[in-house]
Amino acid sequence: MEWGNYSMYADFVLLGLFSNTRFPWLFFALILLVFVTSIASNILMIVLIHMDSRLHTPMYFLLSQLSVMDILYISTIVPKMLIDQVVGQRTISFAGCTAQHFLYLTLAGAEFFLLGLMSYDRYVAICNPLRYPVLMSRKVCLLIVLAAWIGGSVDGFLLTPVTMQFPFCASREINHFFCEVPALLKLSCTDTSTYETAMYVCCIMMLLIPFSVISASYTRILITVYRMSEAEGRRKAVATCSSHMVVVSLFYGAAMYTYVLPHSYHTPEQDKAVSAFYTILTPMLNPLIYSLRNKDVTGALQKALGRCFSSGRVNAF
């Protein structure tokens, strides 16, 4: 398709996170460190949950799925950033941009739904502990994960074809470090206001559905905790939910800023900084938050390290 003198399927140019940085190699080293830490910590979380029988519970099964999503999520964006920084060529093909756009929306949407449904697990564990094995059976856990992936896929399949069908006849330079929707729409030479309104409503629904589940679950949890007579029971209940609430606050807060707050309230530089937070930093922070604030995970890690050291000593002799 041609529109004026511009081809719809021409390559784009990603200007990057910090396009005018004085220390590009320092920036490269920091992003690489975050990426490696994120991949390693999420893989470690998955391995610990798989190896330690004490972690074979619905909560940790859902945590392992969150780690899988985080690995895929950060791998969709960061490797391209690092390659561009080394090679110095920031172009991305139309097909590559479309694929990145679709994967980003699908994985972000899936994580939104999974975080929302994980609050139901905490609600059942605290408010209905006797029925927990039935209400959170393996079948229910698999349905939760499947629902999260389907919800994210619907978001990707709905928004990607519409976004990429617009004629991009302005500059092909995307003032961002990946093919995010708001940055792409700024390049279109047609009126996208109707689509932006529809996308705004879609994003509100994407946030509202899981947020409603979270609000309802934690309201019931707070009521149950308030009625507990034992201080130790209250402490354990709050500790169980606090990690999840921290992760939800980080991920949902950044997404609401980007997609719900009107564009007049933030600049492109602020958009890139917030996007970097929930696409690069959050996948690294999630396993750290859950592991540092969870005695079961730290205990499993100590047990695994003990096995490694003991086997190393045996082999040495």
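Begin the tour by selecting G253, which is found in helix α8, a helix that covers residues 231-259. The model on the screen is a predicted one. At G253 the relative accessibility is 38%, so this residue counts as partly exposed. Now add Y278 to the selection. Along the chain, G253 and Y278 are 25 residues apart, and their C-alpha atoms are separated by 9.1 Å.

**Helices α1 and α2**

Next, select residues 24-51, which form helix α1, and show α2 with them; the two axes come within 9 Å and cross at roughly 160°. How does α1 run relative to α2, parallel or antiparallel? Angles over 145 degrees count as roughly antiparallel, and the crossing angle therefore makes α1 roughly antiparallel to α2. The crossing in which α1 passes α2 is left-handed. Colouring the contact of α1 with α2 by residue class gives 21 nonpolar, six polar and one charged residues.

**Helices α2 and α5**

Keep α2, which spans residues 58-87, and add helix α5, residues 138-164; these two helices pack at an angle of about 25°, and their axes are 10 Å apart. Because angles under 35 degrees count as roughly parallel, α2 is roughly parallel to α5. Their crossing is right-handed.

Which residues should be selected to see this contact? On the α2 side, choose P58, F61, L62, Q65, M69 and L72; on the α5 side, they meet C141, L142, I144, V145, A148 and W149. Sorted by class, the contact of α2 with α5 holds eleven nonpolar residues, one polar residue and no charged ones.

**Helices α3 and α5**

Leave α5 on display and select residues 94-127, which make up helix α3; α3 and α5 pack at about 145°, with 7 Å between their axes. As α3 passes α5, the crossing is right-handed. By class, this contact of α3 with α5 has 17 nonpolar, ten polar and one charged residues.

**The salt bridges**

Now turn to the side chains. How many salt bridges does the structure hold? There are three, and each can be visited in turn.

Select D52 and R54 for one of them. Their side chains meet in a salt bridge with an N to O distance of 3.1 Å. Are D52 and R54 buried or exposed? D52 has 5% relative accessibility and so counts as buried, whereas R54, at 49%, counts as partly exposed.

Move to K80 and D84, whose side chains also meet in a salt bridge, at 3.1 Å from N to O. Why are K80 and D84 separated by about one helical turn? The reason is that they lie four residues apart in helix α2. K80 counts as partly exposed because its relative accessibility is 23%. D84, with a relative accessible area of 4%, is buried.

For the remaining stop, select R122 and D121. R122 forms a salt bridge with D121, and the closest N and O atoms are 2.8 Å apart. Both of these residues are buried.

**A last look**

To close the tour, show α1, α2, α3 and α5 together. In this view, α2 can be followed beside α1, to which it is roughly antiparallel, and beside α5, to which it is roughly parallel. The handedness can be reviewed in the same display: α1 crosses α2 in a left-handed sense, while α3 passes α5 in a right-handed crossing.

Terms used:
Residues are numbered from 1 along each chain as its sequence is written. This is a predicted model: local features need pLDDT of at least 70, side-chain atom pairs count only at pLDDT 80 or more; totals for chains, interfaces and linings use all residues. Side-chain values use heavy atoms; hydrogens and water are left out. Axes are lines fitted to C-alpha atoms, for helices over the stretch in contact, and angles run from 0 to 180 degrees between N-to-C directions. Angles under 35 degrees count as roughly parallel, over 145 as roughly antiparallel, 65 to 115 as roughly perpendicular and the rest as oblique. A crossing is left-handed if the near helix is turned anticlockwise from the far one by less than a right angle, and right-handed if clockwise. Contact means heavy atoms within 4.5 Å. Ala, Val, Leu, Ile, Met, Phe, Trp, Tyr, Cys and Pro count as nonpolar, Asp, Glu, Lys and Arg as charged, and the others, Gly among them, as polar. A salt bridge is a side-chain nitrogen of Lys or Arg within 4 Å of a carboxyl oxygen of Asp or Glu. Buried means under 20% relative accessible area, exposed over 50%, partly exposed in between (1.4 Å probe, protein chains only).
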